[in-house]
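Visitor: I'd like a close look at a single part of this model, one helix and whatever packs around it. Could you walk me through it slowly and then show me how it fits into the rest?

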Amino acid sequence: MRSSTAVFSRTAACALALGGLAAAAILPRIELPKDSPVVVIGSDYGDSNETARGGAMVVDLHASLLLRNATQRRIRGITLTVTAQEVTPGGKGSVTIPSLDVSANETFPVHIDLRLLQPLQASMGSPVVVGLDGVLFDDLGFYGPDKLQSRRTLTVCELEARRDRRYFKTLLAEGGPQRLQNEIVQMMQRQMDRPGVDVQMVRGGRVTNVEGEHTVQFAFLKLPDSPVEPVQGMAIVAANEARAPSLEVKNRSDRSVRYLEIGWILQDRAGREFLAGSVPAELNLGPGQRSQVLKDTTLKFPPRPGQALSIEGMTGFVSNVEFTDGSVWIPSRSDLADPKLKMVMGPSPEEQRLVQLYRKRGLNAVVEELKKF
Amino acid sequence: MNHPGELELALFAGGDLGFWERWRVRKHLRQCETCRADVGALKGTSENLRHLADEMPDGVNWARLSQEMTGNIRVGLAAGECVGPARLRRPRSLAWHAMGIVALAFVIVLTALWVNVPRDQKDHVFTALRSISLGGGHHATALQAVNDGVVLEASPLSIDLRANGGTMSILTSRDAVPDRYANNVAVSVSMQGSAGAQYVDSDTGQVTISKVYYAQ
């Protein structure tokens, strides 16, 4: 019955596509492994719908799932996959909830707000599938297929959360609630002041043809504890476009590295700085070894009214490192205290959560929250 | 019983039939007394001619005479072709002319369109054709072709996917974001082929990171 309804709705959508208007309700299929550490207690798909547009079906998914922790361990983060069509650009998405603290048998909500693409041909009879990519526990143990490297993402988020909570607790212990409040207010101010830019990214080529290209060398922020040191690097720059970043890194730790990310800060002619993105690299870098990190990617920063951007300089810094044993390194709060990083780096999810808690419920709620950990 | 023609019998008698024809006539002669008699008569005449040739006067070179005769026969045949009734060429149909003109005009219009269509639109056509030829775009090769032209555009309010001249918002403006995330959205793009938005629930503070992948 359900499948025939789905086929009917999709067929109707296809038929109306030529008219330019089509909409149909959708009912995703939830597929969790038999031994999944979470189970679905309830689901609500609200005003989710799919609309034919050109040769594709645009799936607007607005779902609320209520999940229950079916294990005896505390869950710190979860990543769900949402697949409309595996190989279509824009056909697959994910929803990650970091900074959780879910005890055994406790329930927690997951909101999915995604827009995905599905070829019309493929949309016939194949529903959107919600699956599990991974769950991170409080002992940094992980469960899941990890197809989207959610283990790394969730581990980085969890380590950042621990770091930031420790920082808040230190402020509270050293300077009392007033010191903590001052810091939270400054964080809110930084979030408001952080420069936002539009960015276009294209892989395997440039966004436009621009004359006057020249090579710009990276400057690097030295983070004392970083296990990987950027040695040198450059990218090709033309006006508001930077492409093909090339970096040489050295592993100065005694462990092998399998993944790293280098943050990429750009400076414009007016002296403004902003975080353009990060250059990720999967490699096998033994202790003391050097390696090249190359990316065939172009970033372009379209001008906003009155804000034309011309790239003048670049700064790189190591933003996280994953070792072959699965452990992860992230910058410390003292590393992030560097004035340059302080201005451009976005807050961690945990910092966002605690600041929002302060906005909504005040300082005491933050203090009480910190006591839980 | 079908009897061979006189010409076939004459050629058989002179030893000028092809292999299969000779075999067929010989088989017939075994059963047909009449034809066997005809062939015998023809062979006799041939023998007589050979004797007459042997008795030709001195100074006549039969071989040369034979060549000249053959040449004259060819000339005669060619002359006959010239004076014979003219082969009539079938007049070309007017419809074919019209079709040719229409086809030419079609090619000109297509060329003009192609020259004036923007490149991204051409890419769109190419991609569509490639998709059709590959059976609906389910192949990895088709995906790679698409990926080469995909541009991700992230602004503080939305993430757009641009390809083949079209644009689609993956994560739309704050107006389209549920109220619980009001003013708490940060968007980003990754060089590994994904675009994401980080929301903070204004009521619970729960952080949700949504990502859409445009490449494998």
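Guide: Happy to. Keep in mind that this is a predicted model. Let's start where two helices of chain A meet: H3(A), residues 150–193, and H6(A), residues 349–361, have axes that come within 8 Å and cross at roughly 35°. The crossing is right-handed. On the H3(A) side, the residues making the contact are Cys157(A), Glu160(A), Ala161(A), Asp164(A), Arg165(A), Phe168(A), Ile184(A), Met187(A) and Met188(A). H6(A) answers with Pro349(A), Glu350(A), Glu351(A), Leu354(A), Val355(A) and Tyr358(A). Sort that contact by class and you get 10 nonpolar residues, five charged and no polar ones.

H6(A) is the part I'd zoom in on. This helix has 13 residues and runs 18 Å from first C-alpha to last, close to the 18 Å expected at 1.5 Å a residue. Is H6(A) enclosed by the rest of the structure, or open? Largely enclosed, because 10 of its 13 residues are buried. The buried ones are Pro349(A), Glu350(A), Glu351(A), Gln352(A), Arg353(A), Leu354(A), Val355(A), Gln356(A), Leu357(A) and Tyr358(A). So what covers them? The cover includes H3 and helix H7 (363–371) of chain A, and chain B joins in with strand E5 (194–200) and strand E6 (207–213). Just past the end of H6(A) sits Gly362(A), with a positive phi of about 90°.

Now follow the chain to H7(A), which also packs on H3(A): here the angle is about 145° and the axes are 11 Å apart. This crossing is left-handed. From H3(A), the residues involved are Arg165(A), Phe168(A), Lys169(A), Leu172(A), Pro177(A), Leu180(A) and Gln181(A), and they meet Leu363(A), Val367(A) and Leu370(A) of H7(A). That contact has seven nonpolar residues, one polar and two charged. Arg165(A) and Phe168(A) are worth clicking on: they appear in the contact with H6(A) and again in the one with H7(A).

After H7 of chain A comes a segment that holds Lys372(A). Lys372(A) counts as exposed, because it has 7 other C-beta atoms within 10 Å. Its C-alpha is 9.5 Å from that of Asp101(A), although their positions lie 271 residues apart along the chain as a separation.

Let's look at the nonpolar cores next. In soluble globular proteins, nonpolar side chains tend to be buried together. The largest core here has 87 residues, and those with the most contacts inside it are Leu61(A), Val82(A), Leu116(A), Leu260(A), Ile262(A) and Leu152(B). Strand E5 of chain A, residues 56–69, gives the largest share of it, eight residues. There is also a second, separate core of nine residues, and this one takes us back to our helix: it includes Leu180(A), Val355(A), Tyr358(A) and Val366(A). Val355(A) and Tyr358(A) are among the H6(A) residues touching H3(A), while Leu180(A) is one of the H3(A) residues that meet H7(A).

Leu152(B) deserves a stop of its own. Apart from neighbours within four places in sequence, Leu152(B) contacts Gln200(A) and Met201(A) in chain A, plus Ile159(B), Leu161(B), Val189(B), Ala195(B) and Tyr214(B) in chain B.

Two loop residues of chain A are also worth a look. Most residues other than glycine have a negative phi. Ser99(A), however, has a positive phi near 55°, and it lies in the loop between strand E7 (92–97) and strand E8 (107–119). Ser99(A) is buried, with 23 other C-beta atoms within 10 Å. Leu140(A), with a positive phi of about 65°, is in the loop between strand E9 (129–137) and strand E10 (142–143). With 16 C-beta neighbours inside 10 Å, Leu140(A) is partly exposed.

Finally, step back to the whole chains. Chain A has seven helices and 20 strands, and 42% of its 373 residues are buried. Chain B has seven helices and six strands, with the helices coming before the strands along the sequence, and 19% of its 216 residues are buried. For contacts between residues at least 6 apart in sequence, those joining residues at least 24 apart make up 69% in chain A and 33% in chain B.

Note on methods: Residues numbered from 1 in each chain as written. Chains lettered and ligands numbered in written order. Predicted model: local features only at pLDDT ≥ 70, side-chain atom pairs only at ≥ 80, totals over all residues. Axes fitted to C-alpha atoms, helices over the stretch in contact; angles between N-to-C directions. Helix = DSSP H or I, 4+ residues; strand = E, 2+ residues; numbered from the N terminus. Left-handed = near helix turned anticlockwise from the far one by under 90°. Contact = placed C-beta atoms within 7 Å. Nonpolar A, V, L, I, M, F, W, Y, C, P; charged D, E, K, R; others polar. Buried ≥ 20, exposed ≤ 12 C-beta atoms within 10 Å, placed from the backbone. Core = buried A, V, L, I, M, F, W, Y, C linked by C-beta atoms within 7 Å. Expected span 1.5 Å × (residues − 1).
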